[in-house]
Amino acid sequence: MAGLLEEMASGWDGMRVGKISERRKAQDRYDKVLAEFLREWDRHQSPRYWQSGTVFASKKQSFSIEFDAAANQHFEVPPPQIDQLILPYRIKPRVTDTEAQRPGVGVPLVGHIRRTSEVREEQPFLPPNGGNLTLTAVMEVGDAPADTLRPRRCRLHMHNTLNVDTVKLRDDERQLAANFTASKQLALSKKSLNLFKWLGLLYPERTLADCQLYRMDVYDPKRIPVVFVHGLMSDPHIWLNVVNAISADPELRAAYQPWFFLYPSALGIPQSSAKLRDSLRQMLKHYDPDHNDPGPKNMVLVGHSMGGLLSRMQVIDPGAKLWNALLSASPEKLRISDATKDRLTQNLRFKAQPEVKRLIFITTPHRGSNIASKGIVRRLSTLIRLPFDTLRMSQELLSGNTDALSPEIRDGGIYSFLSLGMLSDKHPFYKGLNAVPIPVAHHSIIAQLGKNSRLKDSDGVVPYWSSHLDTTQSEKIVRAWHGCVEKPEVVDEIVRVLREHLRERGSPSR
């Protein structure tokens, strides 16, 4: 270890003398050896247990490694707040993934925080596979002491690259190297999230404990949350390319903080919408209890397919319209338990989230889809094992209140309470939903497979007549199938809308 530090110090000293080409070679050597040193230290001991003042000594020279254990996490993350350092080369991207990087000095890495029970209590919105911070390590090396018995002092900084663009090394201001992709790739890991897709559809009760919002960065009161909501039989890994695009753009990176909502997609749309609503309120209560933070006041929701419907349900105040579309009797006249009555009321009668100021719909079935009415989809629904409280609610309604149910729900039975059933274009839910105007700015990205007239065309799942809204601020047509979220033209359109949101909110560029 001392030998590595000696070689790193040689690179450090060489960065300020000689020709430009020689300085660049010295910086390359410095970065390479610093990465090797950190990897070895992490391999032998978790950063959680590193101590400032640790000395590494050889027969030739000794080095003392110091750091600020009380640094502000927005700008610098102390090693004792991290469980593991992960170098980006260990994270293999998929062929379809984009990458966001920046050249400069230092070693980009991911600071991983394990999601233990204690950490979950302190940081309840870390992703299921733990926290993954976007960091760049820089080691400042002091001058060699005249007394060879004294260690050469080194100062380790792990900069939060989302907030730090440059570093001052001696009297030289340099751009800080960054890899914005690696941390997001871990947070949105398909390997860790793909299981939720299937469990959330077939065994939703197993994923209810993890149904909530998750943050991908350190919370920033000034940054606007962009909440990404996946659709049916999907998971949040689909958002990696657009999150990379936000991270790669200095203006958007300074203005936005990406979040995602994970939920079991088998649940009915009102149920999942209620869970998103509750999680948004919990997030605001945890981070902004006094409602003083400027960022959350201008929130943006981005929803794909059914996720767009969940997002839409956050901004409307339906009054009795949703209730009356599904039920012809008031809550008091239904023959159901108090628990079911409370649950139904929360799902169908609610207030809008005033913090959400803009929506982006991607291939969203605002009027349902006829695919959900096909026999094969109904047969698939028989494999779903509903949570007990959802099953009890549907059985109570179907057993003693058939006269109060709409004919479509009465004929559909339990299928009408599942997301698959509610996505049918014959479901009365849409009659109530489309009777309520969308009171915030909203945009549509619509995929189409063919070249027919728009009214006759489809993305293979949702027809144009269902995904189109007359009230949108913009409508972007892309030639793709329903699962188009990772396409460059879709990413570009989301980025365009986010820039528009900044202009309209008067947010200054950095």
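Asp-317 is partly exposed, with a relative accessible area of 42%, in this predicted model. Its side chain meets that of Lys-351 in a salt bridge, with N and O 3.5 Å apart. The two residues belong to distant parts of the chain, 34 residues apart, since Asp-317 sits in the loop between helix H9 (306-312) and helix H10 (321-326), while Lys-351 sits in the loop between helix H11 (338-348) and strand E15 (356-362). Lys-351 counts as exposed, at 55% relative accessibility.

A second pair joins Arg-153 and Glu-66, whose closest N and O atoms are 2.9 Å apart. Because Arg-153 lies in strand E7 (residues 152-160) and Glu-66 in strand E2 (residues 62-66), this salt bridge ties together parts that are 87 residues apart in sequence. Arg-153 is exposed, at 52% relative accessibility, whereas Glu-66, at 15%, is buried.

In a third pair, Arg-102 and Asp-165 form a salt bridge with an N to O distance of 3.2 Å. Arg-102 is in strand E4 (residues 101-102) and Asp-165 in the loop between E7 and strand E8 (166-169), so that distant parts of the chain, 63 residues apart, are linked. Arg-102 is buried, with a relative accessible area of 13%, and Asp-165 is partly exposed, at 28%.

| Salt bridge | N to O distance |
|---|---|
| Arg-153 and Glu-66 | 2.9 Å |
| Arg-102 and Asp-165 | 3.2 Å |
| Lys-351 and Asp-317 | 3.5 Å |

Salt bridges also link Arg-358, Glu-493, Arg-496, Glu-500 and Glu-504 in a network. With the criterion of a side-chain nitrogen of Lys or Arg within 4 Å of a carboxyl oxygen of Asp or Glu, the count comes to 23 salt bridges.

Methods: Residues numbered from 1 in each chain as written. Predicted model: local features only at pLDDT ≥ 70, side-chain atom pairs only at ≥ 80, totals over all residues. Heavy atoms only, no water. Helix = DSSP H or I, 4+ residues; strand = E, 2+ residues; numbered from the N terminus. Buried < 20%, exposed > 50% of the residue type's maximum accessible area, 1.4 Å probe, protein only.
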